[in-house]
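Biologist: I should be grateful for a close look at one part of this protein, set in the context of the whole chain. Please consider the sequence and the structure first.

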Amino acid sequence: MRRYIYIFGALCATAALALCACGTGEHADTAAPPGYTDVRNVLQRLTTIDGAPGALLDVSDTHGRTVLTSGVANIGTLAPMAGDSRFRIGSMTKMFVSTVVLQLVGEQRVALDAAVEQYLPGTIRGNGNDGHGITVRQLLQHTSGLPDYLDSLTPEQILKDSLGHHDPLELVQLALAHPPLFPPGTGWSYSNTNYLLAGMLIEKVTGRPYGEAVEQRIIAPLGLHDTSVPGDAPTIPGDHPRGYAKQGNADPLDLTEFNPSIAGSAGSMISSATDLNHFLTALMTGHLLPPPELQAMMTTRPTGDSSDDAYGLGLQSTPLPCGGLYWGHDGGIMGFQTLGATTTDGRTATMMINLYPGETPAQDADIRTALATALCETETSK
């Protein structure tokens, strides 16, 4: 999830980290085209100066697919980062959850501007929080004013029982112990509580857990073989890097295995860069949502931070340095930081770093730089 834990300090790389590139796909070369030189430089900076153990970037466009990797998947064995790695995607999960909710809107089983109380009666109560005044749209756009449940948990509490199950309603109630941040619809604040509630709404309307709905409506139809909703399973299936966190000057902590129910429908999914690019392309080309619902998803409001980012319904827009916008989402969950995006003209890229939390500000900045540079360079290399 984005905004997961922020008490950890900077990472100092201690291993010799190498850079490699490979290309696959019908029109891809066996090495990255010359236009990717700037991207490779950013990836190398990420895994040396910035301090990340390893990095993966998968770029797709009309010419095919190119995979760039840098650094290591395992700081103990120095195994290189594999291009087909699976990893935890954190808050990129929100794009899947929002898509399912909007599919239900298209089927007239959910109304975007209906009160959440209509679907989850009695759930949002206490300390000025009231589900009668919060709409489904406001959940998906983070304009509900609901506090983030993660603000009520310390890292020590999470790590003390890292394999324990976390019930989503109990996590929501942690947030509801605090007053709303603002009256619904009058502000914007990123809150993972919104997407726990969205997952509960999916289960209420469909009669099945949100993960089963994601599987049936998105994963299976698109053939996303690397993508899963793990529930309480603590491991990552298939080939995957180790996921690390860092606190101060201490050695990196391996957090690859833990019970992801702490993130639930706000950020627990597992995928690969290839699958995420396929999902993003299918979403933006109308294969998952009817036009009115896709338009609603892409109707944004400013986030109010120092960037020019704007947030729709589980989808964020960011200006590209070469012009236009990219559409996607970032993610951060114990062990992994991710970012994936696509453009309306068919350029798609997904990025993964196996360090979070404890990343440096430079890592945060260079993930965005690498993704934007890759999306712009695929345009110039055509």
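What percentage of the contacts in the protein chain with a separation of 6 or more is accounted for by residues 24 or more positions apart? With that settled, where in the chain are the two cysteines of the disulfide, Cys322 and Cys376, and what lines the second largest cavity?

Modeller: This is a predicted model, in which local features need pLDDT of at least 70 and side-chain atom pairs count only at pLDDT 80 or more, whereas totals for chains, interfaces and linings use all residues. Residues are numbered from 1 along each chain as its sequence is written, and side-chain values use heavy atoms, with hydrogens and water left out.

To take the first question, residues 24 or more positions apart account for 72% of the contacts in the protein chain with a separation of 6 or more, a contact being heavy atoms within 4.5 Å. The chain has 382 residues, and 57% of them are buried; buried means under 20% relative accessible area, exposed over 50%, and partly exposed in between, with a 1.4 Å probe and protein chains only. Its secondary structure comes to ten helices and 15 strands, which are DSSP runs numbered from the N terminus (helices H or I of at least four residues, strands E of at least two). The mean pLDDT of the chain is 90, and 89% of the residues reach 70 or more, where pLDDT is the predictor's confidence in each residue on a scale from 0 to 100. Over residues 1-31, however, pLDDT stays under 50, and the model has 106 contacts beyond four places in sequence for that stretch.

I turn now to the cysteine pair. A search of the whole structure finds one disulfide, the term denoting a pair of cysteine sulfur atoms within 2.5 Å. The partners are Cys322 and Cys376, with an S to S distance of 2.1 Å. This pair links distant parts of the chain, 54 residues apart: Cys322 is in the loop between strand E12 (316-319) and strand E13 (325-333), and Cys376 is in helix H10 (residues 361-380). In general, a disulfide is a covalent bond between the sulfur atoms of two cysteines. The torsion about the S-S bond of Cys322 and Cys376 is about -85°, so this disulfide is left-handed. The surroundings of the two cysteines contrast: Cys322 is partly exposed because its relative accessibility is 42%, whereas Cys376 is buried because its relative accessible area is 10%.

E12 and E13, the strands on either side of the Cys322 loop, also contribute to an internal space. Three cavities of 30 Å³ or more are found in a search of the whole structure, and the second largest has a volume of about 70 Å³. A cavity is here a set of points, on a 1 Å grid over the protein atoms alone, where a 1.4 Å probe fits but cannot get out, and lining residues have an atom within 4 Å of a point. The grid points are joined across faces, edges and corners, and a volume is the space filled by probe spheres set on the points. The lining of the second largest cavity consists of Gln316, Thr318, Tyr326, Gly328, His329, Asp330, Leu339, Gly340, Ala341 and Arg368. The elements that give two or more residues to this lining are E12, E13 and strand E14 (336-342). Among these elements, E13 gives the most, with four residues. By residue type the lining divides into three nonpolar, five polar and two charged, where Ala, Val, Leu, Ile, Met, Phe, Trp, Tyr, Cys and Pro count as nonpolar, Asp, Glu, Lys and Arg as charged, and the others, Gly among them, as polar.

Helix H10, which carries Cys376, also follows a notable backbone feature. Pro357 is placed in the loop between strand E15 (348-353) and H10, and the peptide bond from Tyr356 to Pro357 is cis, with omega near -5°. As background, most peptide bonds are trans, and most residues other than glycine have a negative phi. Two residues elsewhere have a positive phi without being glycine. Leu78, with phi near 60°, is in the loop between strand E3 (64-71) and strand E4 (86-88), and it is partly exposed because its relative accessible area is 42%. Asn127 has a phi of about 55° and is found in the loop between strand E5 (residues 125-126) and strand E6 (129-130); at 47% relative accessible area, Asn127 is partly exposed.

Key. On a 1 Å grid over the protein atoms alone, a cavity is a set of points where a 1.4 Å probe fits but cannot get out, and a pocket is an open set with protein on both sides within 12 Å along at least five of seven lines; lining residues have an atom within 4 Å of a point.
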